[in-house]
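Colleague: Could you walk me through the side-chain contacts and the empty spaces in this one? I'd like to see how you reason from the numbers.

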Amino acid sequence: MKSTFKKLLPFAVVGVLSGATTVGVQQYLSSDSTSSDQSYFTKSTNASFVGMNSAAVGDDFVKAAKTTVPAVVTIKNYQSRATSRASEQDLFDFFFGDPFGGRGQQRQRQQQQAPDNMPSGLGSGVIISPDGYIISNNHVVAGANKLEVVLSNKKSYIATLVGTDPNTDISLLKIEEKGLPYLNFANSDNIEVGQWVLAVGNPLGLNSTVTAGIISAKGRGIGILGSQGKATNPIESFIQTDAAINPGNSGGALVNVNGDLIGINSAISSTNGYYQGYGFAVPANLARKIIEDIKKFGIVQRGFLGVTTLDLSNDQLVASYNRDQKANLKAGSGMYVTGFSENSGAEDGGIKKGDIITKIDTYNITDFADLSAAIGSKRPGDKVQVTYLRNGKENVTTVTLKDQKGGTSTRTKADLSVSEKIGAEFEPLNERFKTDYGLNSGVVAKNVSEGSEMAKIGVVDNYIVIEINGKPVNSQKDVEKILESYKGNVQVKFVDDYGRIYTKGFKMPN
């Protein structure tokens with residue numbers, strides 16, 4: 001069965017999360033070691049600047065390093081699931097590198113399993129509370145059936161994965177311990193270009209490595225979460241730094257000279273997969289919001305503005321839009337509204353096609369990264385002041401953000417649909433296909449979420465699910481009917497791209 005590739009759209013639906021449209025060569029920082037640490041809900045002083053006195057700079061770096069290093073951990077990702085598709089293994093190597101014999105060696109492409117005592121990937125993490133909460137990247141923990149956390153003092157723990165968010169590439173882990181060193185979150189809105197920062201992590205297998213640099217840009221979108229990850233509504237508004245970051249730094253800490261956490265290192269811009277001058281970190285304010293949601297609600301709360309937009313700062317997109325729509329827009333600043341989603345809060349607030357969004361609350365919106373970050377930090381039911389231009393005149397309206405179903409209240413895991421709980425949607429399999437391949441039932445898996453129950457058993461987009469709990473399924477409703485109020489172990493019978501049939505299972509999430 002041929003895989004279906006989604007066409008890249010020049011416009012993005014701006015929701016709680018949204019992806020950047022910048023084109024370039026980027027790679028996640030998660031090669032042979034990748035993860036991160038962070039402090040939890042403790043507030044800290046605002047980001048401060050380093051003076052020009054070289055002695056003071058050195059002293060500040062030493063203080064920040066001594067504060068940060070004990071709170072940054074190594075995360076080992078163990079996977080026993082057989083690699084049934086070469087492309088999946090290639091993607092995993094792209095994120096983590098190859099701990100079985102070096103980056104340059106090719107692993108066998110047939111179905112295989114990693115030894116139980118050998119991690120499939122290594123990363124970094126940041127302790128964010130004294131009772132053992134640890135923040136890292138989603139791609140550091142993806143696909144793991146066991147996560148081991150090693151502190152800077154070499155003490156080891158088996159961690160519980162509390163939750164993940166592919167859209168921001170953030171994950172939350174927990175180890176059972178008390179009195180741990182941890183980092184405080186700084187207010188990342190107060191950081192400035194030119195400010196000194198330190199990156200701390202475990203690059204290239206070198207534990208507790210500290211590098212220094214400056215913030216070289218804010219609000220960067222590099223297009224990696226949607227193109228390389230499993231994000232459905234990616235948010236990219238990265239802090240860009242020239243502090244040396246390499247594969248293995250993913251999930252590690254980006255701190256100011258006070259040792260306060262201002263970002264979680266996540267990606268690099270590189271032509272060869274190694275440091276070439278620029279690294280990217282998820283801002284602390286966004287990371288903290290995601291962690292708070294996971295801890296409080298069990299899921300991330302996403303508020304959507306409900307518009308499709310054109311980034312006027314991208315002259316190539318503007319030229320393409322003008323050509324396709326026979327329009328005459330001029331490149332500039334702001335987000336041009338091209339349409340609305342169903343139950344759009346923006347449309348309810350009086351915004352129309354052709355309006356140009358220039359500000360959300362007090363934040364200026366110059367490009368797509370600005371808009372995604374401004375909305376991505378909000379929850380359903382939150383109200384935002386939207387400033388927009390219509391026929392050259394500035395207007396302001398209040399918009400109530402909604403979730404993707406049009407709701408304005410927060411939800412918990414108990415409120416999720418079956419598809420949301422197991423992390424996949426399903427489309428009917430056409431009768432011709434059933435006849436050609438001798439199948440009596442089947443649905444096609446679509447939008448399989450990273451780290452979901454379906455993903456953990458090896459189901460990916462376009463695999464065919466034949467039966468669930470021994471019952472044939474032919475539609476989304478069939479799946480929902482079987483699992484709606486079901487508790488216990490779920491048995492899934494499915495077919496991969498090569499026609500191989502598997503029967504695997506998972507415990508139905510509450």
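**Rings, charges and a cavity**

Modeller: Sure, starting with the rings: the count comes to six aromatic pairs. One of them joins Phe238 and Phe280, with 6.1 Å centre to centre and a tilted arrangement. Keep in mind that this is a predicted model.

Colleague: How many residues apart are Phe238 and Phe280?

Modeller: Look at where each one sits. Phe238 belongs to strand S12 (residues 238-241), while Phe280 belongs to strand S15 (residues 278-283). The pair therefore links distant parts of the chain, and the separation is 42 residues.

Colleague: Are Phe238 and Phe280 buried or exposed?

Modeller: The cut-off for burial is a relative accessible area under 20%. Phe238 and Phe280 are both buried.

Colleague: And Phe494 with Tyr502: is that pair stacked or edge-to-face?

Modeller: Their ring centres are 5.4 Å apart, and the planes make an angle of 20 degrees. Planes under 30 degrees apart count as stacked. So the pair of Phe494 and Tyr502 is stacked.

Colleague: Which residues form one aromatic cluster with Tyr463?

Modeller: It's the pair we just discussed, and both of its members are buried: Phe494 and Tyr502. The residues clustered with Tyr463 are Phe494 and Tyr502.

Colleague: Which lysine has its charged end over the ring of Tyr133?

Modeller: There's a lysine over Tyr78 as well, namely Lys146, at 4.4 Å from the ring centre. For Tyr133, the charged end sits 5.3 Å from the centre of the ring, within the 6 Å cut-off. That lysine is Lys174.

Colleague: On to empty space. Which strand gives the largest share of the lining of the second largest cavity?

Modeller: There are four cavities of 30 Å³ or more, and the second largest holds about 60 Å³. Its lining includes Val72, Val73 and Thr74, along with Lys154 and Asn202. By class, the lining has four nonpolar, five polar and one charged residues. The largest share, three residues, comes from strand S4 (residues 72-78).

Colleague: Now the salt bridges. How far apart in sequence are the parts that Asp348 and Lys402 tie together?

Modeller: The structure holds 15 salt bridges, and in this one the side chains of Asp348 and Lys402 meet at 2.7 Å, N to O. Asp348 is in helix H7 (residues 345-348), whereas Lys402 is in the loop between strand S21 (393-400) and helix H9 (418-422), so the parts tied together are 54 residues apart in sequence.

Colleague: Which partner in that bridge is buried, Asp348 or Lys402?

Modeller: Asp348 has 57% relative accessibility, so it counts as exposed. The other partner has a relative accessible area of 14%, so the buried one is Lys402.

Colleague: Which helix holds both Glu431 and Lys434?

Modeller: Their side chains meet in a salt bridge of 3.3 Å, N to O. Glu431 is exposed at 54%, but Lys434 is buried at 7%. The two are three residues apart, about one turn of the helix, and that helix is H10 (residues 431-437).

Colleague: What about Lys456 and Glu453: which of them is partly exposed?

Modeller: Both lie in helix H11 (residues 453-456), and their side chains meet at 3.8 Å, N to O. Glu453 is buried, with a relative accessible area of 18%. At 42% relative accessibility, the partly exposed one is Lys456.

Colleague: Last one: which residues are linked with Arg379 in a network of salt bridges?

Modeller: A salt bridge here needs a nitrogen within 4 Å of a carboxyl oxygen. The residues linked with Arg379 in the network are Arg288, Lys289, Glu292 and Asp293.

Technical notes. Residues numbered from 1 in each chain as written. Predicted model: local features only at pLDDT ≥ 70, side-chain atom pairs only at ≥ 80, totals over all residues. Heavy atoms only, no water. Phe/Tyr/Trp six-rings, centres within 6.5 Å; stacked < 30°, edge-to-face > 60°. Helix = DSSP H or I, 4+ residues; strand = E, 2+ residues; numbered from the N terminus. Buried < 20%, exposed > 50% of the residue type's maximum accessible area, 1.4 Å probe, protein only. Lys NZ or Arg CZ within 6 Å of the ring centre and 35° of its normal. 1 Å grid on protein atoms, 1.4 Å probe; cavity = no way out; pocket = protein on both sides within 12 Å on 5 of 7 lines; lining within 4 Å. Points joined across faces, edges and corners; volume = space filled by probe spheres on them. Nonpolar A, V, L, I, M, F, W, Y, C, P; charged D, E, K, R; others polar.
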